[in-house]
Amino acid sequence: MNAIDCRDLTKSYQDFTLDHITFSLPTGCILGLVGENGAGKSTTLKLLMNALSRDKGTVSLLGSDNKSPTFLQTKQDIGVVLDDACLPEVITPQELGKLMALTYIHWNQAQYEHYLDRFAIPRKKQFKNFSRGMKMKLAIAAALSHEAKLLLLDEATSGLDPMIRDEVLDVFNDFTRDEDHTVVFSSHIVSDLEKICDYIAFLHKGKLILFEEKDRLLEEYALIKLSPQQLAELDPDALVGVKENPYGAEALVCRAQIPTDFIPEHTSLEDIILFLAKDQELPQ
């Protein structure tokens with residue numbers, strides 16, 4: 001069973017449209033949702049949870065249509081961390097645990113206490129006095145403590161220092177060791193996505209430019225540096241994107257279509273995304 005089936009999902013505002021988004025995510029995977037600010041990442045996550053009303057399309061999470069009467073029960077199996085981590089200003093982590101126990105059937109207080117300790121979260125400090133990073137850690141601790149099968153995370157590592165980010169990424173990775181667990185993880189920190197994601201979805205100006213396995217992307221595309229003569233001789237069909245300069249060019253290419261004497265540079269997921277973001281689409 002797929003954890004998420006999204007078909008023709010569309011939402012229009014006066015100056016922005018999330019345009020006919022379609023993808024399916026297998027259970028047990030981590031999906032990295034990447035795109036520039038305003039690309040539609042947060043809108044997509046809110047539409048998946050039916051926190052926004054869609055204009056068109058269908059969404060199924062954990063086998064349940066998100067507009068069906070059964071979805072209220074399905075929400076018990078979904079953990080959500082939004083980028084603004086909305087919680088009452090005066091609530092403390094200790095009080096939040098009591099509130100969550102009344103909200104979620106499978107609330108695990110011992111697990112929650114474990115994450116409070118692991119993330120060094122003070123139990124009696126009010127939420128309004130937390131830094132952004134501490135607020136995100138508290139929201140993550142709560143999301144991981146009610147036996148969720150699906151996590152929807154919007155910029156969950158934003159505001160965290162590198163050491164804590166690595167620890168949180170390890171937590172998400174451990175979460176999906178259970179093949180019934182799935183994560184959708186939106187982030188502008190592409191290196192985080194490269195570390196843990198199985199699939200990458202790239203949103204650009206409200207359109208889904210690609211949805212692909214991360215390893216396949218890294219195997220299929222390469223970054224090369226070219227002289228003007230080499231660029232002129234290169235098969236145009238091999239080019240995904242190119243940045244020219246007075247001395248030549250840097251190009252993202254399809255590995256299988258470049259001559260054997262061309263030596264690829266180290267290519268990261270961020271390289272691929274940056275080229276695609278410049279109004280380039282993958283070759284058909």
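In the predicted model, helix H1 (residues 41–48) lies across four strands, namely E3 (30–34), E7, E8 and E9 (199–204). The direction of helix H1 is at about 150 degrees to that of strand E7. Helix H6, formed by residues 162–175, lies across E3, E7 and E8, and its angle to strand E8 is about 150 degrees.

The strands crossed by these helices belong to an open sheet of six strands, arranged in the order E6-E7-E8-E3-E9-E10. Pairing within the sheet is mixed. The edge positions are taken by strand E6 (78–81) and strand E10 (207–213); each has a single partner strand, so one side of each is left without a neighbour in the sheet. From one strand to the next, the twist averages 10 degrees.

Strands E7 (residues 150–154) and E8 (residues 182–186) run parallel and are joined by five bridges. One of the residues involved is Asp154, whose bridge partner in strand E8 is Ser186.

Beyond strand E8, the loop leading to helix H7 (190–196) contains Ile189. The relative accessibility of Ile189 is 18%, and this residue therefore counts as buried, the limit being under 20%. When neighbours within four places in sequence are set aside, Ile189 is in contact with Thr157 and Arg165. Ile189 and Thr157 are 32 residues apart along the chain, and the separation of their C-alpha atoms is 8.4 Å.

Methods
Residues numbered from 1 in each chain as written. Predicted model: local features only at pLDDT ≥ 70, side-chain atom pairs only at ≥ 80, totals over all residues. Heavy atoms only, no water. Pairing = 2+ DSSP bridges. Helix = DSSP H or I, 4+ residues; strand = E, 2+ residues; numbered from the N terminus. Axes fitted to C-alpha atoms, helices over the stretch in contact; angles between N-to-C directions. Contact = heavy atoms within 4.5 Å. Buried < 20%, exposed > 50% of the residue type's maximum accessible area, 1.4 Å probe, protein only.
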